[in-house]
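User: Could you take a close look at one part of this model for me? I'd like to go through the charged side chains and who they pair with.

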Amino acid sequence: VQLVESGGGLVQPGGALNLSCVGFGFSFHAYVMRWYRQAPGKERELVAGISVRGDTNYADSVKGRFTISRDNTKNSVYLQMNNLNPEDTAVYYCMVPGGSSWLFPADTFGQGTQVTVFS
């Protein structure tokens, strides 16, 4: 079981990035997927989630700016981030919730991708 994120980088305020996460070793379509982020000196926080059916939820801080989506044919979940600001600077992780199945006894995160918003 593996989650691999990509798409991070450096961007100026007001810019956009599209993060990707590919899942390996499990039936991707059957799992809730989430994006988390962790800024320096802060706890990891939930950014967005998407259900098996495609229902989505967002942290208040990103509503209207970020969009989570999934493509089960590519075993991938995406996070389109628009109108970025310096407070969005963090390492972004995709995640499968613990307890989803015997494959995921605990919350499982990828290695993360760095997003830096600088002026």
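User: Let's start with E45: is E45 buried, partly exposed or exposed, and what is its relative accessibility?

Analyst: Quick note before we dig in: this is a predicted model, where local features need pLDDT of at least 70 and side-chain atom pairs count only at pLDDT 80 or more, while totals for chains, interfaces and linings use all residues. Residues are numbered from 1 along each chain as its sequence is written, and side-chain values use heavy atoms, with hydrogens and water left out.

Now to E45: its relative accessibility is 34%, so it counts as partly exposed. The cut-offs are under 20% relative accessible area for buried, over 50% for exposed, and partly exposed in between (1.4 Å probe, protein chains only). E45 forms a salt bridge with R37, and the closest N and O atoms are 2.7 Å apart. A salt bridge here is a side-chain nitrogen of Lys or Arg within 4 Å of a carboxyl oxygen of Asp or Glu.

R37 itself is buried, because its relative accessible area is just 6%. R37 also has a salt bridge to D88, at 2.9 Å from N to O. That pair ties together distant parts of the chain: R37 sits in strand β4 (residues 33-38), D88 in the loop between β8 (76-81) and β9 (90-96), and they are 51 residues apart. Strands are DSSP runs (E, at least two residues), numbered from the N terminus. D88 is at 1% relative accessibility, so D88 counts as buried. Put R65 into the picture and you have a network of salt bridges linking R37, E45, R65 and D88.

The structure holds five salt bridges. One of them joins D55 and R53, at 2.6 Å from N to O. Here D55 is partly exposed at 41% relative accessible area, and R53 is exposed at 73%.

R70, in strand β7 (residues 66-71), is another story. R70 is buried yet has no salt bridge, and D71, the nearest side chain of opposite charge, is 8.4 Å away. For charge, Lys and Arg count as positive and Asp and Glu as negative, with His and the chain ends not counted. What R70 does have is backbone company: its side chain reaches the backbone oxygen of F28 at 2.9 Å, and a polar atom of that side chain lies 2.9 Å from the backbone oxygen of Y31. Leaving aside residues up to four places away in sequence, R70 also touches others, including V32, I50 and Y78; contact means heavy atoms within 4.5 Å.

Conventions:
Helices (H or I, at least four residues) and strands (E, at least two) are DSSP runs, numbered from the N terminus. A polar contact is a pair of N or O atoms within 3.5 Å; within protein, one must be able to donate a hydrogen and the other to accept it, and residues adjacent in sequence count only if both atoms are side-chain atoms.
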